[in-house]
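Ready for some practice with a two-chain model? Keep the viewer open and work through the exercises below one step at a time.

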Amino acid sequence: MILRNLFAVVMLSGVFSLLSAALFVAMDAVDVAFTEAAVGAGISTVLMLGTLALTSREEKPATHSRALPLLVVFVTGAALLYGTMDLPPFGAPDTPVQLHVAPQYIERTPTEIGVPNIVTAVLASYRGFDTLGETAVVFVAGIAVIFLLHQSSRRRRDDDDKGEEEV
Amino acid sequence: MDHHYILRVISKMLIPPIMLYAFYVQFHGDFGPGGGFQAGVIFAVAFILYALVYGVDKLRMVLSPLVARAGMAVGVLIYAGTGTYSLFMGKNFLDYSALAEPGHAQHGQHLGILLVEAGVGLTVASVMVVIFLAFASRAPQIKDTDW
């Protein structure tokens with residue numbers, strides 16, 4: 001049951017992502033499913049494999065008891081399940097989220113924006129400022145990774161030369 | 001990966017359709033599921049697949065890391081620039097109706113959505129390639145048996 005091979009763990013999390021994408025399709029959230037399949041199952045898996053190549057491929061045995069983490073996981077899971085009891089049933093038309101601004105978007109998109117996909121109209125136009133922020137977040141993430149991991153090409157070439165000399 | 005002929009041939013055949021599909025997702029986002037985020041990721045996947053099969057150095061010859069890094073910033077610039085343009089035209093920030101003649105608000109919306117989605121796609125694709133390059137450039141060459 002306990003998997004120590006991290007390669008298998010990464011692959012299983014990719015499979016989990018793909019299955020969640022199928023779940024989102026079943027719940028009619030195709031845009032979300034698309035993102036989950038491309039980012040969660042695709043890019044994340046490749047980046048995790050890249051991380052494995054830099055670190056270790058086997059998990060170290062735990063040095064302390066696992067009772068406390070297990071308890072925390074169970075309590076959190078139980079709290080989340082308890083929280084779902086109060087949620088309205090799936091697809092109910094009278095939930096608060098359906099009664100707030102969503103009717104406005106659905107009513108006004110055909111005349112104001114004129115694109116068939118209302119998700120795109122909300123994402124790019126009605127909530128364009130949010131999406132600008134999201135794009136900036138992606139940009140900042142890229143810069144942060146460059147700062148943390150980038151090796152200048154000159155230094156890498158030096159390393160290569162050294163390696164060849166040693167051979 | 002020199003001896004994996006099947007992988008090399010199949011990925012060479014797959015990379016052009018992946019890029020084409022990315023453009024389809026990008027420009028069809030107004031009509032069906034998709035948009036800049038998904039298209040950017042799919043476009044980056046084409047480059048990452050190339051690097052996985054042919055090696056990171058070959059990818060660096062195809063796509064200079066400097067170009068990828070510039071793409072990150074240019075995408076955000078296109079997005080913010082669209083908003084700033086509408087600001088200068090006397091409308092609110094990111095009010096795309098400023099992009100067209102008065103009375104043709106829908107045309108402006110279409111153009112604005114196209115522009116900002118292009119900005120999102122460029123940034124996301126560049127960031128994904130840059131992050132992959134940052135990870136892969138540090139990794140030592142792995143033998144097939146190591147996995």
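Two residues are in contact if their C-beta atoms, placed from the backbone, lie within 7 Å. This is a predicted model, in which local features need pLDDT of at least 70 and side-chain atom pairs count only at pLDDT 80 or more, while totals for chains, interfaces and linings use all residues. Residues are numbered from 1 along each chain as its sequence is written, and chains are lettered from A in the order in which they are written.

**Exercise 1.** Find how many residues each chain brings to the contact, and which helix of chain B gives the most.

*Solution.*
- Step 1: chain A brings 41 residues and chain B brings 46.
- Step 2: helices (DSSP runs of H or I, at least four residues) are numbered from the N terminus. On the side of chain B that touches chain A, H2 (36-54), H4 (65-88) and H5 (105-138) each supply at least two residues.
- Step 3: H5(B) gives the most, with 22 residues.

**Exercise 2.** Decide whether B:Phe88 is buried or exposed.

*Solution.*
- Step 1: locate B:Phe88 in helix H4 of chain B.
- Step 2: recall the cut-offs: buried means 20 or more other C-beta atoms within 10 Å of the residue's own, exposed means 12 or fewer, and partly exposed lies in between.
- Step 3: B:Phe88 is exposed because it has 8 C-beta neighbours inside 10 Å.

**Exercise 3.** Name the residues that B:Met128 touches beyond its neighbours within four places in sequence.

*Solution.*
- Step 1: set those sequence neighbours aside.
- Step 2: the contacts left are A:Ile43, B:Gly40, B:Val41 and B:Ala44.
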